[in-house]
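Student: I am new to this structure and should like to examine one part of it closely. May I ask for a careful account?

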Amino acid sequence: MDGKALAAKVREEVAQDVEELGGVGLATVLVGDDPASHIYIDLKHKAAQAAGMEARDLKLPGDITEEELLATIESLNDDDSIDGLLVQLPLPGHLDENRVIEAIAPGKDIDGIHPFNAGRLYLGRPTLVPGTPLGVMRMLAEYEIELAGARAVVVGRSAIVGKPMAHLLLQANATVSICHSRTIDLQRHTLDADVLVAAVGSTHVIGADMVKAGATVVDVGMNRGEGKRVYGDVDPSAAEVAGHITPVPGGVGPMTIAMVLKNSVTAARARRLGRGLVSPAT
Ligand code: NDP
């Protein structure tokens, strides 16, 4: 499943939506000088600007106090020209990440990480959903993967990937299992999966012998190797067993940023309509 091509299509849709809405404002907040975070933020900015968005780039010093950061977020919450607000994680250790996340206005939370949005997802109600699992759902839809009644196994239970992924699959009427580091006999579970999503963070931990013949395999993993090489959680030999599979790189990765942009459009539209309700637009 070609995430690169699909992400380009999503970005075109976003550009059209931005034009229709007469502009969309995005603000990103980066604290400190973590090199990987800088790269992610720059990629998001380039993509946002290419889609015609107004993108404001706040780079704050690594020794900022929590109160100063919260005040900055508050002013962006109140700023009518900002539709989407994203705080790049992880934050430096002296800052309380949960407190900062909870300061973001839920209607502008385009990463879908505020407990209000996570709670709505849990309840199966329309909301802003993290870009990675949303991108996976869009990819599964694009390739017409049958989810209703399918057995879906998600390996990983993080708040940003595994848990929202499992809830979205459940909403799509799959029968969902969530596996994690304490799961006994992982292979027994994965072999049962019609749809297998790996969000583990460990290179090639899912081998071909763990994949059911004809299954759809989505590899969220982005594990750094030597130099600039990136490896997935799934061994590439699984492609010989799977019916559909996402490559790494070029699979889920490009979809994430595209879907964060899509979330900005969703948030902007909801605000223009004066609605608190936000429906994720896959
Ligand atoms: P986390 O480290 O937060 O979560 C990893 C999860 O995998 C945990 O739930 C952990 O279990 C589980 N796990 C770890 N080892 C095993 C194992 N051997 N067997 C079964 N489960 C295991 O990672 P993230 O969810 O943030 O990210 C996962 C991967 O996805 C990473 O490679 C990351 O780089 C990538 N990623 C890619 C994105 C993209 O855009 N493509 C976006 C976000 C992440 P436990 O809870 O018990 O510790």
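Student: Which atom of the ligand is 2.7 Å from an N or O atom in the side chain of Thr256?

Tutor: In this predicted model, the atom of the ligand that is 2.7 Å from an N or O atom in the side chain of Thr256 is an oxygen. The protein covers 67% of the 930 Å² of accessible area that the ligand has on its own. Two further residues approach an oxygen atom of the ligand: Arg157 places a polar side-chain atom 2.7 Å from one, and for Ser158 the corresponding distance is 2.6 Å. Around the ligand there are 20 residues, of which Arg157, Ser158, Ser181, Met222 and Thr256 come nearest. Helix H9 contributes three residues to this shell, the largest share.

Helix H9 (252–272) also has a part elsewhere, for together with helix H6 (131–142) it is included in what covers the buried residues of helix H1. Those buried residues are Gly3, Leu6, Ala7, Val10, Val14, Asp17, Val18 and Leu21. They lie on the same side of H1, because they cover an arc of only 120° around the axis. On the other side of H1, Glu12, Gln16, Glu19 and Glu20 are exposed.

The length of H1 can be checked as well. Its 19 residues (3–21) should span 27 Å at 1.5 Å a residue, and the end C-alpha atoms are 26 Å apart, which agrees. At the start of H1, Asp2 brings a side-chain oxygen to within 3.1 Å of the backbone nitrogen of Lys4. Just after H1, Gly22 has a positive phi of about 75°.

Note on methods: Residues are numbered from 1 along each chain as its sequence is written. This is a predicted model: local features need pLDDT of at least 70, side-chain atom pairs count only at pLDDT 80 or more; totals for chains, interfaces and linings use all residues. Side-chain values use heavy atoms; hydrogens and water are left out. Helices (H or I, at least four residues) and strands (E, at least two) are DSSP runs, numbered from the N terminus. The expected span of a helix is 1.5 Å times one less than its number of residues. Buried means under 20% relative accessible area, exposed over 50%, partly exposed in between (1.4 Å probe, protein chains only). The arc is that of the directions from the helix axis to the C-beta atoms. Contact means heavy atoms within 4.5 Å. A polar contact is a pair of N or O atoms within 3.5 Å; within protein, one must be able to donate a hydrogen and the other to accept it, and residues adjacent in sequence count only if both atoms are side-chain atoms. A residue is near a molecule or strand if one of its heavy atoms lies within 4 Å of it. Accessible areas come from the Shrake-Rupley method with a 1.4 Å probe; for residues, only the protein chains shown count as cover.
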